[in-house]
Structures are given as structure tokens and as C-alpha cells.
Amino acid sequence: MVNHSSLDNTMTFTSYGSFRPINYFFFTLTLLVYLLSIFSNVLLMLLIYFESSLHKPMYIFLFNLAVNGLIGASTIWPKIMENLLSDTQKISFVACLLQFFWCYFYISSAYTTFSVMAYDRYVSICKPLQYHSIMTPGKVKTLLAAANVVPLFSISGLVYLSSRVPLCKYTIQNLFCDNLTLLNLSCVKSALVNLYGVVLVASLIVFPCIIVLLSYAVILNVSLKASKDSQKKALSTCSPHLITFVNFAMAILFFAVYYRYNSSLPGGISILITVDVFLIPPLFNPIIYGIRTKEIRKCFVKTVRKKERYFRVLNFFTVKVRVQSAPINVRFNDYIN
């Protein structure tokens with residue numbers, strides 16, 4: 001039995017196999033999708049930041065979801081791309097713990113962010129006259145802080161407890177490090193870590209899910225009693241949130257069930273789970289919100305038109321300067337000759 005409190009051990013991934021030329025293709029494909037994911041989230045963040053009309057609670061929470069998407073995409077994919085081009089896929093124990101921390105923070109923070117977004121939509125649709133008195137700037141800051149600080153400290157506790165569990169094996173049979181993988185490598189089963197993990201799942205996943213489901217159940221009930229225009233507005237506002245939440249919830253459910261009850265997954269299933277949890281949501285969330293949310297769509301079109309006008313004016317002055325400077329250049333050349 002080895003004590004890993006010194007955090008100086010090295011672990012090896014075994015699910016990648018030896019390097020093959022086709023790895024270049026997988027690397028290129030992963031890099032393109034990863035860069036597109038980064039671009040779409042950063043674009044959404046910049047749009048919300050610079051457009052004053054989007055400085056509302058709903059879009060502030062969406063900004064936080066975009067930041068979370070950047071964390072999720074950057075947590076494992078750079079390391080996966082590195083492993084694809086390497087014959088020895090190794091990771092230090094400290095780096096493994098950091099990867100495990102950011103993986104779980106990304107998942108739990110996404111759930112808490114979805115729950116505060118659902119609460120915001122509930123207040124907006126079910127209590128429209130009281131919306132501004134309820135969703136005050138102070139209330140928004142508190143909800144935003146809770147959506148990030150609670151997962152931050154909760155996952156930090158889980159990482160600390162997991163780092164104290166002695167390991168007897170050093171081979172990781174998945175594409176990345178996570179808590180269940182580390183527990184499967186341990187010499188002893190830690191009841192404390194298991195109990196702490198169950199509490200975290202209940203508080204950071206199950207409870208936010210209940211909030212989201214109850215919020216939209218009430219919203220649906222209120223919308224059915226409203227006019228057709230109100231129903232259409234509620235649907236257009238809430239559908240992007242529901243689409244992204246359902247996709248993410250199903251992916252996490254798949255992730256939790258398989259990683260808890262299967263110590264070693266077939267390569268195809270492991271890759272599918274990894275893509276569905278850590279690549280698809282960060283890539284498609286900003287795209288879905290950009291397409292389905294009317295205000296974001298309008299602001300994006302307005303920004304593009306502003307840029308087009310700017311480049312047209314810049315091009316006009318550039319051409320004008322060139323035309324005006326041509327005679328001067330000719331006379332100067334004549335003078336030299």
C-alpha cells in the first residue's frame with residue numbers, strides 16, 4: 001500500500017493504445033471542434049458584455065454558463081489531444097486531481113447555473129409585475145455567487161478526501177481522471193468518500209434538477225392559462241434552456257451510471273460519454289441560445305452590420321487616400337529623375 005499524500009506519483013492511461021497514423025485525423029477533428037467550441041462561447045460572452053441591452057439577469061446567467069462551457073471544454077480535451085500524439089500517455093497524480101476537480105466543478109456548476117436560470121424564468125413569466133423587485137442586482141449577484149462558490153468548495157472537499165486514499169494501481173482505463181476511476185485504483189474502499197460523493201450528487205445534481213423541473217412545471221401550467229401570444233413568448237424564451245438542460249442531464253445520467261457500475265468501459269462507450277458530456281454542451285449551448293433567443297439574435301445581427309459599416313468606411317477612406325497620394329508620388333519621382 002502506497003500513501004499518495006506526497007502527490008509525487010505518475011499514472012498511465014491505457015485506453016488510448018499505441019500511436020497510429022489515424023490519430024492525426026482524430027487529433028485534427030478534435031482540435032477543430034474544440035476551437036469552434038471556444039470561439040462560440042467567447043463570441044456569446046463578448047456579445048453579452050458589450051451589448052447594454054443584454055445586461056439583464058437572464059443573460060448574466062447565460063454569460064456564466066458560457067464561462068462554464070469554456071472550463072468544461074478545456075478541462076480534458078487539450079490533454080486528450082496530447083495523448084493522441086504520444087506513445088506514452090502519462091499524467092502526474094497532481095494533474096490527475098486537478099483534472100478531476102475541474103471535471104466535477106464543470107458538471108456541478110452547470111447544474112446550479114441551470115437551476116438559477118430556471119428560477120429567473122419562473123419569476124419572469126409567473127410574477128412579471130414583481131420581477132424587478134425580486135431579481136434585484138444584489139439578488140442576481142447572490143445567485144451567481146452561489147452557483148459557483150458552492151460547487152467550488154464542495155468539489156474541493158471531495159478532491160481532498162480522494163487525495164488521501166492510498167492507491168495500489170496506477171493505470172487509468174478511461175480517457176480522463178475522475179473520482180470513480182481513482183476509487184477503483186485504491187487499496188481500500190473509503191466509506192467517507194462514498195458518503196461525501198452521495199451527498200454532493202444529492203445537493204449539486206438532484207436538488208438543482210428538482211428546482212428546474214418544478215420551475216418549468218409551474219411555467220407550463222401558467223402558460224396554458226395565458227393567451228396564445230403569451231404562450232408563444234414563454235415557449236421561445238424557455239425552449240433553449242430546456243433543450244440544453246435535457247441534453248446535459250441525459251449525458252450526465254449516462255456518465256454517472258456507467259462510471260459507477262463499470263470499472264472499465266469499452267472504448268467506444270467511453271469516447272461517446274466523454275464527447276457527450278465535455279464537448280457537445282460547450283459547443284451547442286451558445287449556438288442554441290444564439291439561434292433560439294430573439295434578443296441575442298438581434299444583437300448579433302446588429303453587431304455584424306456595425307462591423308460591415310466600419311469596414312466599408314475604412315475601405316472608402318483607404319481608397320481615397322491612395323487616389324489623393326498618387327499625383328504626389330508622380331511629382332516626387334519626376335523631381336528625383
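Helices and strands here are runs assigned by DSSP, with at least four residues for a helix and at least two for a strand, and they are numbered from the N terminus. Counted that way, this protein has 11 helices and three strands. Keep in mind that you're looking at a predicted model. The chain has 337 residues, and 42% of them count as buried.

**The overall layout**

- If you walk along the sequence, the elements come in the pattern β-α-α-β-α-α-α-β-α-α-α-α-α-α.
- Take the contacts between residues at least 6 apart in sequence: 81% of them join residues at least 24 apart.

**The little sheet**

- The three strands form an open sheet in the order β2-β1-β3, and the pairing is mixed.
- β2 (90-92) and β3 (171-172) are the edge strands, as each of them pairs on one side only.
- Strand β1 covers residues 10-13 and runs parallel to β3, with two bridges joining the pair.
- Want a spot to look at? T12 has T171 in β3 as its bridge partner.
- Helix α3, residues 93-126, lies across β1, β2 and β3, and it runs at about 85° to β2.

**Helix α2: mostly covered, with a kink**

- Helix α2 takes in residues 57-84, which makes 28 residues.
- At 1.5 Å a residue, α2 should span 40 Å, and its end C-alpha atoms are 41 Å apart, so the two values agree.
- There's a kink of about 30° at S74 in α2, and the proline P78 follows shortly after.
- Most of α2 is covered, with 21 of its 28 residues buried.

**Helix α7: another bent one**

- Helix α7 covers residues 191-224, a run of 34 residues.
- The expected span of α7 at 1.5 Å a residue is 50 Å, and the end C-alpha atoms sit 48 Å apart, so this agrees too.
- At A202, α7 bends by about 30°.
- The buried residues of α7 include V193, G197, L200, L204, P208 and C209.
- Further along α7, the buried residues include V212, S215, Y216, I219 and S223.

**The nonpolar core**

- The largest nonpolar core has 81 residues, and M11, L62, I107, V277 and F278 are the ones that touch the most other members.
- Helix α3 gives this core its largest share, 17 residues.
- Pick L62 as an example: leaving aside neighbours within four places in sequence, L62 is in contact with L44, I48, M117, Y289 and I296.

**Two residues to compare**

- Find S215 in helix α7. Is S215 buried or exposed? Its relative accessibility is 9%, and the cut-off for buried is under 20%, so S215 counts as buried.
- Not counting residues up to four places away in sequence, S215 touches A118, Y119 and Y122.
- Now find A95, which sits in helix α3. A95 has a relative accessible area of 30%, so A95 is partly exposed. That label covers values between the 20% limit for buried and the 50% limit for exposed.
- A95 and M11 are 84 residues apart along the chain, and their C-alpha atoms are separated by 9.7 Å.

Definitions and conventions. Residues are numbered from 1 along each chain as its sequence is written. This is a predicted model: local features need pLDDT of at least 70, side-chain atom pairs count only at pLDDT 80 or more; totals for chains, interfaces and linings use all residues. Side-chain values use heavy atoms; hydrogens and water are left out. Two strands pair if DSSP finds at least two bridges between them. Contact means heavy atoms within 4.5 Å. Axes are lines fitted to C-alpha atoms, for helices over the stretch in contact, and angles run from 0 to 180 degrees between N-to-C directions. The expected span of a helix is 1.5 Å times one less than its number of residues. The bend at a residue is the angle between axes fitted to the seven residues ending there and the seven starting there. Buried means under 20% relative accessible area, exposed over 50%, partly exposed in between (1.4 Å probe, protein chains only). A nonpolar core is a set of buried Ala, Val, Leu, Ile, Met, Phe, Trp, Tyr and Cys residues joined through side-chain atoms within 4.5 Å.
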